[in-house]
Amino acid sequence: MLNEIIFLLCASLTLAGAVAAMMLRNLVHCALCAAGAFAGLAALYLQLDAQFVGLAQLLIYVGAIAILIVFTIMLTRGDEVRPGASIASPLWWVGLPVGALVLACLVGAIMASPSLLRLPAGAVHAPVRKIGEALMNRYVMPLQAVGLLLTAALLGAVAIGLREPRDAESKTQ
Amino acid sequence: MTTPLANYLIVAALLFSVGLAGALARRNAVLVLIGLELMLNAANLNFIAFWRFGPHAERLAGLMFVIFSIAVAAAEVAVGLALVIAVYRHRRTAQLDRLDSLKG
Amino acid sequence: MSRLDQIFVLTGHWLAGWAPAALRPLASAVLAIACIMAVFATCFALTTLAERKLLGRMQNRFGPNRVGPCGLFQPVADGVKMLIKEDIVPFSADKTLHFLAPIVLTVPIWLAFAVLPFGRNMTAIDLDGGILFFFAIGSASELAVFMAGWSSQNKYSVVGAMRAIAQMISYEVPLVLSTVPVLMLAGSLSLNDIVAAQGTYAFGWLARWNVFTPWGLAGLFLFLIAATAESNRSPFDLPEGESEIIAGYLTEYSGFKYALFFLGEYVGLFAGAGLGVTLFLGGWHAPVKGLEWAPSWLWFGVKFAALIFLFIWARATLPRLRLDQLLNFAWRFMVPLSLVNLLVAAAWYWTGAWPFGGAAPIRWVLCAGLFIFPYHWLGRALRGPLPPPRKYSYAE
């Protein structure tokens, strides 16, 4: 009973945040509602006994990605709202039906399979020690690959975002 | 745990479709990236739900996938936002319908 | 003396016993929350007073001493002043965000106290990933700083908020990295396990606190510097320096909302100090075996007070760092040193298997040298050009 109330609360917070993130006019409000959606998802992960992933979601998504998004909105002058301009792209009449179609397919598939209405078999323990052992034994290659990817992304983001020196700018203009 | 698996999957499906619709229907590049992040998060929720309710939860496969997915999403968002900033510096706009110099 | 040691736990059990059996976990949780909030709110009041008096003494003057004996009722006077001030919200401000920002800042910081072990069996929640919870909650409060700055629609507020966030995310990296050696050598993310790993006694009498190892000492200093920067405290208080940027992101806040920000900053400092005590100073353990009779929560309190005194002392002594100096210090000095600290901790772990027990001094010297040489070289490399020798000219 309590479980279901918490699930409904977290799920509605997440979905409300997501819908608000996609529908609001002011970009900063969108970014903050998206951060709220991420936090709601972290609560859902914690409810599903995935403690490490839930806390990592909070740390990375709310603590880093949301801040990155907010900084980008500030740097691209997204916070200056021009009244009267449309917020939707010219092809929005394609986007919304596609979203609705995907939703219909997914929900249809979920409802059509009775095996998905089950409850879990038993308690699940995913202590951090086991995750660490798995990362070092079975998943060590993906770990190294992700390390390489993060280094490349760090260097790439810095290189792309760097301001060009003055003389190069005057040459291209 | 008295909530069935289908509830979590429906939440994930709703989140995914909201992200998809928003990414396709909004004009600003940053909002498209937010929609992308929502889609990734929906997939992560799916993985965790199936891991929790599935038969071999002690093998931690779903958890591992989500850990790597979060790391990769962070990297992708960083590079994507750097690209948006770089484009803004050249074209003074972050609206996707104005970035059409390769059209036609 | 174990009754005195467990007095809070036993009182909590007795009080929760009055609740019906179904509600007992909820009742004990509520009791723990109420106790933590009461204790740390009182601590906040006393710390504001202690800070002003200590700053005064270090600056060769008395602190506040008019209100009550030795100025003891000064926090009460401050509280009354904050509460009766008019709450001004700028006309063009974003009202919802302006209202929500102090709340979003303060709530996660209170949550961080849930995993700190205040004494034997005195952790509110013993999470498996305790430290991860602490850092995740700490990083969630950074968005509130942005909300505060942006919603004021004031250029100084926005610039102050951006600087504050840049500072906080820059110093989060050395904060987390400096705690990784502790996690490595304790083998767990749970704060109770980390405290338990510091519970044995070397040579029969000296406690094995992490600070008595070379990596622990270096780690404690790195952690304290990063914690000072994370809570925007001098010498890292550029975002709210009055002579630089009015009050940064706090410019448009007055009355109770300002009091909430103030509270949030100090409570963040307490959480950081509590974590420092837990990770490096042995938590609630006594320093020498002979002093174990004192209650564990008293030891935690003493060490906690010592760290708070250290923070106040640093505020009185050091000048404010400029933004570029601050960020350079974080990325080019503290992050490499934290990584070197990780190596030193690994070296310490491997030399632990050396056969002769008297190898402890050699181990210490080796590992300390492994840290001191990079520290010296990095300091020299980053120092920049020295000013030329001064030429003095005197009036004839």
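In this predicted model, A134(A) lies in helix α5 of chain A, the element that covers residues 128-137. The surroundings of A134(A) hold 19 other C-beta atoms within 10 Å, and because a residue counts as buried only from 20 such atoms upward, A134(A) is classed as partly exposed. Once its neighbours within four places in sequence are left aside, A134(A) is in contact with Y139(A) of its own chain and with L60(B) and M64(B) of chain B. Q47(A), by contrast, is separated from A134(A) by 87 residues in sequence and by 22 Å in space, taken from C-alpha to C-alpha.

**Contacts between chains A and B**

The contacts of A134(A) with L60(B) and M64(B) lead to the interface of chains A and B, which has the most contacts among the two pairs of chains that touch. In this interface, 62 residues of chain B are in contact with 70 residues of chain A. On the side of chain B that touches chain A, at least two residues are supplied by each of α1 (5-25), α2 (29-53) and α3 (61-91) of chain B, and the largest share, 20 residues, comes from α3(B). Sorted by class, this side of chain B has 48 nonpolar, nine polar and five charged residues.

**Contacts between chains A and C**

Where chain A meets chain C, 15 residues of chain A are in contact with 17 residues of chain C. Both α2 (27-47) and α3 of chain A supply at least two residues each to the side of chain A that touches chain C, while the largest share of that side, ten residues, comes from α3(A). By class, the side of chain A that touches chain C has 13 nonpolar and two polar residues, with no charged residues. Chains B and C, on the other hand, are joined by no contact, and their closest C-alpha atoms lie 14 Å apart.

**Helix α2 of chain A**

Helix α2(A) has 21 residues, and the reach from its first C-alpha to its last is 30 Å, close to the 30 Å expected at 1.5 Å a residue. Of these 21 residues, 17 are buried, and the helix is accordingly described as mostly covered. After α2(A) comes D49(A), a residue whose phi is positive, near 65°.

**The largest nonpolar core**

The largest nonpolar core has 180 residues, of which A31(A), A34(A), A66(A), I69(A) and L143(C) touch the most other members. Helix α3 of chain A, residues 51-75, provides the largest share of this core, with 16 residues. The core also draws at least three residues from each of two domains of chain A, namely domain 1 (1-79) and domain 2 (127-159). For L143(C), the partners that remain once neighbours within four places in sequence are left aside are L32(A), A35(A), V62(A), A66(A) and I67(A) in chain A, together with V104(C) in chain C. A66(A), one of these partners, is itself listed among the core residues that touch the most other members.

**Chains B and C as folds**

The secondary structure of chain B comes to three helices and zero strands, and from the N terminus on its elements run α-α-α. The radius of gyration of chain B is 17 Å, which is well over the 13 Å given by the globule rule for 104 residues, so chain B is more spread out than a compact globule. For chain C, with 15 helices and two strands, the corresponding comparison has another outcome: a compact globule of 396 residues would have a radius of gyration near 21 Å, and the 23 Å of chain C agrees with this.

The table sets out the spans of the C-alpha traces along their principal axes and the buried share of each chain.

| Chain | Span of C-alpha trace | Buried residues |
|---|---|---|
| Chain B | about 50 × 25 × 25 Å | 55% of 104 residues |
| Chain C | about 80 × 70 × 40 Å | 40% of 396 residues |

Contacts within each chain can also be described by sequence separation. In chain B, among contacts between residues at least 6 apart in sequence, 54% join residues at least 24 apart. In chain C, residues 24 or more positions apart account for 76% of the contacts with a separation of 6 or more.

Notes:
Residues numbered from 1 in each chain as written. Chains lettered and ligands numbered in written order. Predicted model: local features only at pLDDT ≥ 70, side-chain atom pairs only at ≥ 80, totals over all residues. Helix = DSSP H or I, 4+ residues; strand = E, 2+ residues; numbered from the N terminus. Buried ≥ 20, exposed ≤ 12 C-beta atoms within 10 Å, placed from the backbone. Contact = placed C-beta atoms within 7 Å. Core = buried A, V, L, I, M, F, W, Y, C linked by C-beta atoms within 7 Å. Domains from an automatic or database assignment. Nonpolar A, V, L, I, M, F, W, Y, C, P; charged D, E, K, R; others polar. Rg over C-alpha atoms; globule rule 2.2 N^0.38 Å. Expected span 1.5 Å × (residues − 1).
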